[in-house]
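The following paragraphs lead through the arrangement of the sheet and the helices that pack on it. Please keep the structure in view while reading.

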Amino acid sequence: MNLNKSDYFILDTMYKNKCVNRICSLTKQKLAKKCELSVYKISSTMKMFQNMGLVEEGAREIREKTYYLTEEGIELAEKISKETEKIYDIKIKEMENEGE
């Protein structure tokens with residue numbers, strides 16, 4: 001799996017916004033706004049994630065497609081979230097130790 005930081009951030013954003021089923025899903029435009037990335041980046045990433053089995057299309061929001069995480073996508077997002085928390089905890093401890 002060859003993902004970059006933006007890809008991991010998109011997965012994490014979808015996970016934190018509970019995009020885990022056809023109803024609880026986001027459009028590319030809403031996801032771009034939440035991630036502060038271009039719609040083009042979101043669109044190309046969604047295609048890649050679909051090919052990897054990480055996301056599927058959800059229920060349409062008027063005419064727009066929406067996307068949600070598959071079980072595989074949820075598992076990867078949870079793993080990313082745990083790793084990020086560990087890094088965050090280490091950084092906080094380092095900052096606290098510097099203050100002593």
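The sheet is open and consists of 3 strands in the order S1-S3-S2, with antiparallel pairing. Because strand S1 (26–27) and strand S2 (55–57) each have a single partner strand, they stand at the edges, and one side of each is left without a neighbour in the sheet. Helices (H or I, at least four residues) and strands (E, at least two) are DSSP runs, numbered from the N terminus; two strands count as paired if DSSP finds at least two bridges between them. This is a predicted model, in which local features need pLDDT of at least 70 and side-chain atom pairs count only at pLDDT 80 or more, while totals for chains, interfaces and linings use all residues. Residues are numbered from 1 along each chain as its sequence is written, and side-chain values use heavy atoms, with hydrogens and water left out.

Strand S3 (residues 66–69) pairs with S2 in the antiparallel sense over 3 bridges. Val55 has Leu69 of S3 as its bridge partner, and Glu56 is matched in S3 by Tyr68. S1 and S3, also antiparallel, are joined by 2 bridges; here Leu26 stands opposite Tyr67 in S3.

The side chains of S3 point two ways: Thr66 and Tyr68 to one side, Tyr67 and Leu69 to the other, all of them buried (under 20% relative accessible area; exposed is over 50%, partly exposed in between; 1.4 Å probe, protein chains only).

Helix H3 (residues 39–52) lies across S2 and S3 and runs at about 110° to S2. Axes are lines fitted to C-alpha atoms, for helices over the stretch in contact, and angles run from 0 to 180 degrees between N-to-C directions; contact means heavy atoms within 4.5 Å.
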